[in-house]
Amino acid sequence: MGQVGANKQHGLYEEAKKYMPGGVSAGGRYHGIFGQPLYLDRASGSRLYDVDGNEYIDYYACAGAALFGYEHPRLRAAIDKAVEKGFFMNFDTEYHIELAKLFRKIFPSAEKMRLCNTGTEATLGAIRLARSYTGKDIVIKFEGHFHGMHEMIWYNHNTTAKIDQYGEVESVPDSLGFPDVSKEVVKNVVFNDIDALEHAVKKYKDNLAAIILEPISFNCGCYATRKEYLEQVRELCDREGIVLIFDEVITGLRMSPGSAQLYYGVTPDLTTAAKAIGGGFPISVILGKEEIMNCLNPLGKTVMSGTYSGALMPVLATIECLNMAMEPGFYNHIEEVGNALYGGMNKLFEKHGVPGHVRGIGARFAIYFGVENPEDDFDFRKVAEKMDRNLYKRFIAECLPNGLFFHDTAGPKSPAHYGITSQHTVDDVAITLEKMDKIFSKLGNTKVSL
Ligand SMILES: Cc1ncc(COP(=O)(O)O)c(C=O)c1O
């Protein structure tokens, strides 16, 4: 494994900057610590290979989309089948019905399904649906949670804004360009605090359509949910006639086929899922109770459609992903590899006296540099206060030239989310921990320069 930053990478970046703002095709491709995007040549199994011939064990897994790793033979077969059939879009097939049946079998909330292309599109549709079903406008979300980049929800993902005595947080958009009026219908509350939520519900209930949440917020670390809290949220929504939306775009398939809703034993009214369900293909889904889903067109007047929605290739890939996730042993392997990694890294924190810890659930994890008490993971504000971003940067700066790929997705307030794929092995973890042992031993005096 060679050095990151060899010539071809830099040359491509210089060229890219002439044609794309910031030299990237999507803002998130930029790697803050590397100082440019990483240009890949190819990927296979658990490995990435960059244009300079460097090999990395991948711990980003395409922001969670690559749960099944790269170049998976069964996904290749699904692609081949779509190619043979003409790889069309904008038509339904018998496979769409097969897919809907699989979702119903797997996700407790999935009485009916509607397909779309991205997580952002799915949450946009679910919120629209909740509004039309209830005839109300306001959506409550939680500080630190992320549900896609649209004006209807992208607030307070990576800020700790002004908070009142009841736990309601001033809505602050995460991008410029949002109309001021949209924040009138997005309210933010601290998570894992039922009193704060009860208070907000009481305040807004005359016009409250939905509560949306990430059942485990991997978008600000691995922000775990207290099970009891989730049950209380469910009861509250039932009592007040509020649509409960679980955004399982990351948690979907992450720790069990039934996802976080089965893991916690709490069933939402609507679910959004994307990323892992399609094994990296652009597909997302809104799943939910028949009574609500039937508000969608052509039955109802809530319109949700699109040229690429349910294109054949991602549909066939998703059928394969759901089938693989249901096979015996699939999650045993993920647990075994994940636990070896998370446990091994926690031992390294201890061994080298580096402040922090790792929390992993299923195939995804967060590294909490600077946060010594794992109980703090349940509190976004405590983590935001304690997180040592400098230590995190130094860690990643050492991982890259050592052939361990961690993208830099941490916001100013919270740790990043990372992950393994089903093609990672315990041998990958052993190699990783050996390298990390040396990396952790240096953390005290590593400089961030590549
Ligand atoms: C929980 C959650 N919801 C929605 C989204 C948006 O998904 P996409 O990037 O496919 O639009 C993401 C993306 O990271 C996510 O993590």
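**Ligand site, helix H12 and some unusual backbone spots**

An oxygen atom of the ligand sits 2.8 Å from a polar backbone atom of Gly119, which makes this a polar contact (a pair of N or O atoms within 3.5 Å; within protein, one must be able to donate a hydrogen and the other to accept it, and residues adjacent in sequence count only if both atoms are side-chain atoms). Taken on its own, the ligand has 390 Å² of accessible area, and the protein covers 82% of that; accessible areas come from the Shrake-Rupley method with a 1.4 Å probe, and for residues only the protein chains shown count as cover. Two side chains also reach ligand oxygen atoms: a polar side-chain atom of Asn219 at 2.9 Å, and an N or O atom in the side chain of Lys275 at 2.8 Å.

This is a predicted model, in which local features need pLDDT of at least 70 and side-chain atom pairs count only at pLDDT 80 or more, while totals for chains, interfaces and linings use all residues. Residues are numbered from 1 along each chain as its sequence is written, and side-chain values use heavy atoms, with hydrogens and water left out. The mean pLDDT (the predictor's confidence in each residue, from 0 to 100) is 95 for the chain, and 97% of its residues reach 70 or more. Residues 446–450 fall below 50, and beyond near neighbours in sequence this stretch has 11 contacts in the model, a contact being heavy atoms within 4.5 Å.

Back at the ligand, the residues around it (one of their heavy atoms lies within 4 Å) are Thr118, Gly119, Thr120, Phe146, His147, Gly148, Glu214, Asn219, Asp247, Val249, Ile250 and Lys275. By type, this shell splits into three nonpolar, six polar and three charged residues. Here Ala, Val, Leu, Ile, Met, Phe, Trp, Tyr, Cys and Pro count as nonpolar, Asp, Glu, Lys and Arg as charged, and the others, Gly among them, as polar.

His96 belongs to helix H3 (residues 94–106); helices (H or I, at least four residues) and strands (E, at least two) are DSSP runs, numbered from the N terminus. With a relative accessible area of 6%, His96 is buried (buried means under 20%, exposed over 50%, partly exposed in between, with a 1.4 Å probe and protein chains only). Its side chain makes a polar contact of 2.8 Å with that of Thr93. Setting aside neighbours within four places in sequence, His96 is in contact with Phe91, Met113, Leu115, Gly310 and Val315.

Helix H4 covers residues 119–134 and includes Thr134. A polar atom of the Thr134 side chain lies 2.7 Å from the backbone oxygen of Ala130. Not counting residues up to four places away in sequence, Thr134 touches Ala209, Gly241 and Val243. Thr134 and Ile292 are 158 residues apart in sequence, but 9.3 Å apart in space, C-alpha to C-alpha. Asp137 is in the loop between H4 and strand S5 (138–142) and, at 37% relative accessibility, counts as partly exposed. Asp137 touches Arg131, Val185, Asn207 and Ala209, again leaving out residues up to four places away in sequence.

Helix H12 (residues 389–399) is mostly covered, with eight of its 11 residues buried. These are Leu391, Tyr392, Arg394, Phe395, Ile396, Ala397, Glu398 and Cys399. The cover over them includes helix H10 (330–351), strand S13 (364–369), strand S14 (404–405), strand S15 (418–419) and helix H13 (426–442). Asp388 caps the N-terminal end of H12, with a side-chain oxygen 3.2 Å from the backbone nitrogen of Asn390.

A few backbone spots are worth a look. Most residues other than glycine have a negative phi, and most peptide bonds are trans. Asn297 and Pro298 are joined by a cis peptide bond, with omega about 10°; Pro298 is in the loop between helix H8 (290–293) and helix H9 (312–326). Ala63 has a positive phi, near 60°. This alanine sits in the loop between strand S3 (55–58) and helix H2 (73–84), and Ala63 counts as buried because its relative accessibility is 15%. Ser259 also has a positive phi, about 65°; this serine is found in helix H7 (residues 259–264), and at 0% relative accessibility Ser259 counts as buried.
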